Amino acid sequence: MGRVEGKTALVTGASRGIGRAIAIELAREGAKVAINYSSSDSKAKEVAEEIKELGGTAILYKADIGNSKEVRAMVEAVAKEFTHLDILVNNAGITRDTLLPRMTDEQWTQVIQTNLNGCFYCTSAVIPIMTAQSYGRIVNISSVNGQVPAMGQANYSASKGGVIAFTRTAALELVNSGITVNVVAPGYTETDMVGTVPPAVQTIIKGKIPIGRFGRPEEIAKAVLFLVADGDFITGQQINVNGGAFM
Ligand SMILES: NC(=O)c1ccc[n+]([C@@H]2O[C@H](COP(=O)([O-])OP(=O)(O)OC[C@H]3O[C@@H](n4cnc5c(N)ncnc54)[C@H](OP(=O)(O)O)[C@@H]3O)[C@@H](O)[C@H]2O)c1
């Protein structure tokens, strides 16, 4: 029997990278998984196929998490399809890196809208469902760069620091509804997001990571699985999966 057998999960941004690994990990451990994404149709289908090959159940839901109407429609549809919704992983995120003197209002707003407002929209949409069930597990994916300064990422750092602060208050407010809310804060992880960082800069970053390498998406997924499978007495907390980059 899997560690989340019988549970259902919605993972945002699950067509690629860390979200993909989380969706597959939860499915491998018995959860039915809804794969949210915004544009990568074929990649999302590949994730669903991989889950089906593992003997699991996956559905696809294309929606922009930065759009509250789309999020509400998605959460309603997923809860209807699965008849209950136990796990939400707020994973989808974007970067629009540039130094502050050059950062446009649009670059600032896009990142806050997706990374922070999207986390709120999805959480807000699942609260009535999880409250009615007296059960819910919410994991928000922040970042080491929400904990330490990061050149060119004032927008991203603010969004990811905001996710951490949001998590603590949400955890406190929802504790009597049977809902836990926690953060997993990855360090640099081998995904398309890090692929946009110039190789020379990647080498400098790696040099500052005590374990000496970037993380793998599967290593982030293990922390998420732990929180949703074994974290009944854990809420408002943060697990840093960063190779020692921030201690
Ligand atoms: N990689 C790292 O080093 C690292 C480190 C710390 C934290 N994180 C965080 O971990 C999370 C996943 O990062 P990643 O590296 O796996 O990113 P990624 O490889 O760029 O994948 C991002 C995922 O988010 C989805 N997405 C983007 N905008 C969306 C929107 N508005 N609505 C719905 N889905 C959306 C993408 O869907 P489409 O494919 O359809 O575009 C994709 O599935 C992010 O929150 C990121 O900030 C990453």
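Visitor: How many residues surround the ligand?
Guide: This is a predicted model, so take what follows as computed from it. Around the ligand, the closest residues are Gly13, Gly17, Ser40, Gly93 and Thr191. Helix H1 (17-28), strand E2 (32-37) and helix H6 (192-195) are the elements that give two or more residues to this shell. The full count of residues surrounding the ligand is 31.

Visitor: Which class has 16 residues in the shell around the ligand?
Guide: Let's go through the classes. Four residues of the shell are charged and eleven are nonpolar. The class with 16 is polar.

Visitor: Which helix gives the largest share of the largest nonpolar core?
Guide: In soluble globular proteins, nonpolar side chains tend to be buried together. Here the largest nonpolar core has 63 residues, and those with the most contacts inside it are Ile22, Ala23, Leu26, Val33, Ile35 and Val224. Eight residues, the largest share, come from residues 217-230, which is helix H8.

Visitor: What is Leu26 in contact with, leaving aside its neighbours within four places in sequence?
Guide: Leu26 is among the residues with the most contacts inside the largest core. Its partners beyond those neighbours are Val4, Ala9, Ala31, Val33, Ile87 and Leu225.

Visitor: At what angle do helix H3 and helix H4 pack?
Guide: Two packed helices are described by the angle between their axes and the distance between the axes. For H3 (residues 68-82) and H4 (residues 105-133), the axes are 9 Å apart. H3 passes H4 in a right-handed crossing. The packing angle is about 35 degrees.

Visitor: How many nonpolar residues are in the contact of H3 with H4?
Guide: From H3 come Ser68, Val71, Arg72, Val75 and Ala79, and they meet Tyr121, Cys122, Ala125, Val126 and Ile129 in H4. By class, one residue is polar and one is charged, while the nonpolar count is eight.

Visitor: Is Ile129 exposed, partly exposed or buried?
Guide: Ile129 sits in helix H4 and touches Ala79 and Leu85, not counting residues up to four places away in sequence. Ile129 has 18 C-beta neighbours inside 10 Å, so it counts as partly exposed.

Visitor: Where is Thr83 found?
Guide: Thr83 has a positive phi of about 70 degrees although it is not a glycine. It counts as exposed because it has 8 C-beta neighbours inside 10 Å. Its place is the loop between H3 and strand E4 (87-90).

Visitor: Why does Ser134 count as exposed?
Guide: Ser134 is in the loop between H4 and strand E5 (136-141). Its phi is positive, about 55 degrees, although Ser134 is not a glycine. Ser134 counts as exposed because its C-beta neighbours inside 10 Å number 10.

Visitor: Which residues is Ile211 in contact with, leaving aside its neighbours within four places in sequence?
Guide: Ile211 is found in the loop between helix H7 (199-207) and H8. With 12 other C-beta atoms within 10 Å, Ile211 is exposed. Its contacts outside that stretch of sequence are Gly243 and Gly244.

Visitor: What separates the C-alpha atoms of Gly161 and Val148?
Guide: Gly161 lies in helix H5 (residues 154-174) and is partly exposed, with 17 other C-beta atoms within 10 Å. Along the chain, Gly161 and Val148 are 13 residues apart. Their C-alpha atoms are separated by 9.1 Å.

Definitions and conventions. Residues numbered from 1 in each chain as written. Predicted model: local features only at pLDDT ≥ 70, side-chain atom pairs only at ≥ 80, totals over all residues. Near = placed C-beta within 6 Å. Helix = DSSP H or I, 4+ residues; strand = E, 2+ residues; numbered from the N terminus. Nonpolar A, V, L, I, M, F, W, Y, C, P; charged D, E, K, R; others polar. Buried ≥ 20, exposed ≤ 12 C-beta atoms within 10 Å, placed from the backbone. Axes fitted to C-alpha atoms, helices over the stretch in contact; angles between N-to-C directions. Left-handed = near helix turned anticlockwise from the far one by under 90°. Contact = placed C-beta atoms within 7 Å. Core = buried A, V, L, I, M, F, W, Y, C linked by C-beta atoms within 7 Å.
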